[in-house]
Amino acid sequence: MFMKKFYVTTPIYYPNDKLHIGHAYTTVAADALARYHRLRGEDVFFLTGMDEHGQKIADRAAAEGVSPQVFVDRMAEGIRALWATLRISYDDFIRTTEPRHERTVQEVFRRLLAQGDIYLGRYEGWYCTACESYWTETKLVEGRCPVCSGPVSRLQEESYFFRLGRYADRLLQHIETHPRFLQPESRRNEMVAFIRQGLEDLSVTRTGFDWGVKLPEAAGHVAYVWIDALTNYITAAGYPDDPERFARYWPADVQLVGKEIVRFHAIIWCIMLMALGLELPERIFGHGWLVLSGEKMSKSRGNVVDPVVLVERYGVDAVRYFLLREVPFGADGTYSEAALRLRTNVDLANDLGNLLSRTTAMIERFAQGKVPAPRSSELRAVAEAALSEYERAMGALELSGALEAVGRMVAAANKHIETAAPWTLSRKGDPRLGDVLYDLAEVLRVAAVALSPALVEAPAEIWRQLGVERPISEATWDDVAWGGLVPGTRVRRGAPLFPRIEAEERSEPAAAAAAADERIPIEDVRRVKLVVATVLEARRVEGAERLLELVVDLGSERRTIVSGIAADYAPEALVGGQIVLVKNLKPSKIRGVRSDGMLLAASEAGHVVLLRPDRAVPAGSPVS
Ligand code: ME8
């Protein structure tokens, strides 16, 4: 039977230091794509790994007093453990020191040399160890590396060169005739401009050190680390020893890389493939950087955020969701722990988690714990539109957009609770009750399927609480078809899906640079007790144009407050609505009326704008 294949890769990371949230960003994105394509029944091959050669690694090992091999073996354990923590479902983990890979690099070199694409020459120039790159005098910036501003040293050595220029026109033509090949568009334009300037021959071997793939045709030389590294993508697919497997998986469908290495992939890698007579990848996608207050996170800058610590604090789903949802894939984005907490609280705890707990609670209360049989649906069209937007977005690698579509469906369900008011339908014995409850549960069931590429724990819990018998690990994309939830299924209420994360004062790695003045400790904020109150009565205060007197319900008590909002709000418009109230303010007398509390409002050009909850909540609900 024919099964569509999907081959997705991440860069192979340098193990010169612990990996950080930036590396997790690419890898979680690739993982979500891999899981989505598996859900669609495709034969997925998801590759990640380590780029273990080069002087930088050799230097690090020497600094630790161990051999490079011992050093990279040790690092490999940490990296695999990190991916296990983030639940990365890779199919292969390639290491460039493996014999299977060294053989491929040697074979690639041999072929290119034999056909005259590679020739022996001499290199003279400046070498940046940090970037493993050569620079000509004119490219240096104030005598330093133009990329990392690090020191460079003068090098003169015999080197093999790859005639990149031979393939420049063919590459340009490929880029122009394959709009999906190189994305996003801004990077494609950069690459086209770069290639048009003319491509210099590339030095592809090194003689100064030996921590690299040795080349039988070039005694004393090792392969340049980028030639070595890029080749990993075909080694893992079976080149050249397993032609059947290679024919199955190559070309890669999506190669994800950070924007700084698009050039290596779009130019050097693709020209290598052309020279070998192999197909180019379907798509290379250069995503943006996660930055910390304006600067790129980098191992050498020491400003990195450890994903393991975040997973321990917030759970794997919160971290994965944040990485996928926060920033449109392709753009640069800012990382902060506060943003992660906010995302988790708003999208996962409030919207998704509340929908689940309200739905299961109402099915228990109004339907004896069993999913009712519906007569018709009001949410089906919304859900189907969201799911088709999700599919489109996933296909376009708009990972954040796909999750946003799921969010819209969840928000529509929460809103449906407010407008349909199942408690009223139940009281009146209205048969619409069954339709509403079924709709809510069914939205949750399909949302769980659509979220399962991104979240690795919550979707299973959603299905479990809904009483779905099958484990979600067996779900396929067909399961998003509306109506899969069997009426009569007994729900199993459980713990909140995502407990709200209370803001805590922590030494946030990211916020270290934030100004410390004018800030108050969290304890001060907690002293102010805020609650949601429902307005029961409202009237003008005689003789005071701007004042309204409100009687509000705090759940456990009623209070009267006086507030200066009469210019912007008519009393009758307030009754039945909700406000946010400072509950523990000392009472005061205003125009003879005792005011026992204060409402919150924004001020805008002399007007006041009331702050209200996003949806109705029980009177007295705390605000934090
Ligand atoms: O470049 N934001 O390895 P590397 C987003 N070995 N992504 C980030 C990031 C950030 N702040 N920091 C790192 C190498 N990344 C080579 C690759 S491939 C044949 C060889 C991610 O360890 C992003 O994917 O420096 C970036 O391209 C990659 O890590 C660089 O990892």
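**Close-ups of cavities, ligand and pocket**

**View 1. The second largest cavity is lined by His53, Gly54, Arg206, Phe209, Trp211, Gly212, Val222, Ala223, Tyr224, Val225 and Asp228.** You're looking at a predicted model, where local features need pLDDT of at least 70 and side-chain atom pairs count only at pLDDT 80 or more, while totals for chains, interfaces and linings use all residues. Residues are numbered from 1 along each chain as its sequence is written, and side-chain values use heavy atoms, with hydrogens and water left out. A cavity here is a set of points, on a 1 Å grid over the protein atoms alone, where a 1.4 Å probe fits but cannot get out; lining residues have an atom within 4 Å of a point. This one has a volume of about 40 Å³, counted as the space filled by probe spheres set on grid points joined across faces, edges and corners. Strand S10 (222-223) and helix H7 each put at least two residues into its lining; both are DSSP runs (helices H or I, at least four residues; strands E, at least two), numbered from the N terminus. Sorted by class, the lining holds six nonpolar, three polar and two charged residues. Ala, Val, Leu, Ile, Met, Phe, Trp, Tyr, Cys and Pro count as nonpolar, Asp, Glu, Lys and Arg as charged, and the others, Gly among them, as polar.

**View 2. The largest cavity holds about 60 Å³ of space.** In the count of cavities of 30 Å³ or more, the total is two. Ala32, Leu324, Tyr390, Met394, Leu399, Ala402, Leu403, Ala450, Pro453 and Ala454 make up the lining of the largest one. Going by class, that's ten nonpolar residues, with no polar and no charged ones. Helices H13 (380-395) and H14 (399-420) each chip in at least two residues, and H14 gives the most, with three.

**View 3. The ligand sits in a shell of 25 residues, and Ile12, Thr26, Asp51, Glu260 and Leu290 come nearest.** To count as near, a residue needs a heavy atom within 4 Å. The shell breaks down into 13 nonpolar, eight polar and four charged residues. Strand S1 (5-13), helix H1 (21-39) and helix H7 (225-235) each bring at least two of them. Now for some polar contacts (pairs of N or O atoms within 3.5 Å). A backbone N or O atom of Ile12 is 2.8 Å from a ligand nitrogen, and one of Tyr14 is 2.9 Å from a ligand oxygen. His23 joins in through a polar side-chain atom, 3.4 Å from an oxygen of the ligand. On its own the ligand has 680 Å² of accessible area, and the protein covers 95% of that (Shrake-Rupley method, 1.4 Å probe).

**View 4. The second largest pocket lies between domain 1 (345-480) and domain 2 (521-623), because both give residues to its lining.** Those domain bounds come from an automatic or database assignment, and the C-alpha centres of the two domains are 34 Å apart. A pocket is an open set of grid points with protein on both sides within 12 Å along at least five of seven lines. About 940 Å³ of space lies in this one. It has 31 lining residues, and Asn350, Asn354, Arg500, Arg615 and Val617 lie nearest its centre. Helix H12 (337-367) gives the most, with seven residues, while H14 and strand S25 (622-623) each supply at least two. The class tally is 16 nonpolar, seven polar and eight charged.

How values were computed
Polar contact = N/O pair within 3.5 Å; in protein donor to acceptor, adjacent residues only side chain to side chain.
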